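Here are a few exercises to work through with the model open in your viewer. Try each task before you read its solution.

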Amino acid sequence: MLHDQSHHPLAGKFIVFDGVDGCGKTTQLLEFEKHLHAQGLETKRIREPGSTPIGEEIRKILLTKRGEGLHIRAEMLLYMASRAQLVFEEIRPALAAGITVLADRYTSSTLAYQGAGGGLPADEIRAVAGVATENLWPDLTIILDISIASARRRTTKKGNLHQIGLFQDRIEQRAALYHQRVRDDFVSQCSQFPQRYRLISAVGSPAVIHKRICTATDKFFRRRK
Ligand code: TMP
């Protein structure tokens with residue numbers, strides 16, 4: 001029988017895993033979820049864009065050839081539309097029920113990709129995010145940091161269908177400079193908002209990175225109990 005975990009410092013918290021393509025965030029999110037389950041916590045795992053029927057339709061527009069010709073502002077608004085649906089259909093109800101929400105990307109990605117990468121002002125993106133989510137900001141955003149060269153090597157090596165698909169999507173086809181701007185922005189979000197972000201090195205074995213995430217998260221939420 002599960003024990004009552006409503007007083008656990010991570011119960012009902014909203015935690016985002018983010019970083020450049022190939023940083024390993026999805027693997028780490030799954031490991032972290034297991035770590036929380038071992039403590040008896042209930043979790044909800046989501047990925048962006050997507051995770052609702054409407055969001056998955058929007059994902060198809062954004063990450064396939066169907067999205068060719070999208071203006072950067074339309075692109076940003078589609079990510080936000082998917083997010084709005086997800087927040088009201090899944091995230092808010094889960095948090096209200098004391099469930100820990102683990103998200104694979106959130107507004108931090110829009111700031112990095114459509115902001116730093118695509119040239120939209122961060123203030124405008126934050127304003128739209130506030131409207132789309134009714135100001136739902138994560139308790140903690142974990143940025144997994146790795147060089148673009150290593151991330152790319154990692155993604156190519158995996159070679160599974162999901163990763164090949166990603167390499168074919170529009171975003172993966174953009175230039176290395178773009179990815180560098182994206183990485184730099186993720187790092188700079190961490191220094192801009194130290195009270196809500198943690199920067200974790202994604203260099204090393206998955207087990208070592210997992211340990212780093214657990215240590216950082218324990219410290220982060222212990223202080224906020
Ligand atoms: P992923 O499934 O590996 O996370 O890939 C999703 C892609 O979508 C990734 O290349 C980053 C991109 N993306 C944005 O450009 N803006 C956003 O707001 C989000 C959530 C994702």
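**Exercise 1. Find which residue of strand 3 is the bridge partner of R45, then work out how strand 3 sits among its neighbours.**

Solution. Keep in mind that you're looking at a predicted model.

- Step 1: Start at R45, and you'll find L102 as its bridge partner in strand 3.
- Step 2: Widen the view to the whole pair: strand 2 and strand 3 run parallel and are joined by five bridges.
- Step 3: Now look for strand 1 (residues 14-18), which pairs with strand 3 over four bridges, also in the parallel sense. Here F17 stands opposite D104 of strand 3.

**Exercise 2. Decide whether the two faces of strand 3 are covered or open.**

Solution.

- Step 1: Use the cut-off: a residue is buried when its relative accessible area is under 20%.
- Step 2: Check one side of the strand, where T100, L102 and D104 are buried.
- Step 3: Flip to the other side, and V101 and A103 turn out to be buried as well. That makes five of the five residues of strand 3 buried.

**Exercise 3. Look for unusual backbone geometry in the loop between strand 2 and helix 2, and in the loop between strand 3 and helix 4.**

Solution.

- Step 1: Know what to expect: most peptide bonds are trans, and most residues other than glycine have a negative phi.
- Step 2: Walk along the loop between strand 2 (43-47) and helix 2, where you'll meet P49. The peptide bond from E48 to P49 is cis, and its omega is near -10°.
- Step 3: Stay in that loop for S51. Its phi is near 70°, which is positive, and S51 isn't a glycine.
- Step 4: Jump to the loop between strand 3 (100-104) and helix 4, which holds R105. R105 isn't a glycine either, yet its phi is positive at about 80°.
- Step 5: Compare the cover of these two residues. S51 has 23% relative accessibility, so it counts as partly exposed. R105 has 11%, so it counts as buried.

**Exercise 4. Work out which residues come nearest to the ligand, and how much of the ligand the protein buries.**

Solution.

- Step 1: List the surroundings: there are 14 residues around the ligand, and D21, R59, R105, T110 and Q114 come nearest.
- Step 2: Go through the polar pairs. The side chain of R105 has an N or O atom 2.5 Å from an oxygen atom of the ligand. For T110, a polar side-chain atom is 2.6 Å from a ligand oxygen. For Q114, an N or O atom of the side chain is 2.8 Å from a nitrogen atom of the ligand.
- Step 3: Check the cover: the ligand taken alone exposes 480 Å², and the protein buries 96% of that.
- Step 4: Ask where the shell comes from. Helix 2 (53-63), helix 3 (72-96) and helix 4 (107-117) each give two or more residues, and helix 4 has the largest share with four.
- Step 5: Sort the shell by class, and you get six charged, five nonpolar and three polar residues.

**Exercise 5. Which element gives the most residues to the largest nonpolar core?**

Solution.

- Step 1: Recall that nonpolar side chains tend to be buried together in soluble globular proteins.
- Step 2: Locate the largest nonpolar core, which has 34 residues. Among those with the most contacts inside it are I15, F17, F32 and I213.
- Step 3: Trace the contributors: the elements that give two or more residues include strand 1, helix 1 (25-38), strand 4 (140-145) and helix 9 (206-223).
- Step 4: Pick out helix 9, which gives the most, with six residues.

Technical notes: Residues are numbered from 1 along each chain as its sequence is written. Side-chain values use heavy atoms; hydrogens and water are left out. A residue is near a molecule or strand if one of its heavy atoms lies within 4 Å of it. A polar contact is a pair of N or O atoms within 3.5 Å; within protein, one must be able to donate a hydrogen and the other to accept it, and residues adjacent in sequence count only if both atoms are side-chain atoms. Accessible areas come from the Shrake-Rupley method with a 1.4 Å probe; for residues, only the protein chains shown count as cover. Ala, Val, Leu, Ile, Met, Phe, Trp, Tyr, Cys and Pro count as nonpolar, Asp, Glu, Lys and Arg as charged, and the others, Gly among them, as polar. Buried means under 20% relative accessible area, exposed over 50%, partly exposed in between (1.4 Å probe, protein chains only). Two strands pair if DSSP finds at least two bridges between them. A nonpolar core is a set of buried Ala, Val, Leu, Ile, Met, Phe, Trp, Tyr and Cys residues joined through side-chain atoms within 4.5 Å.
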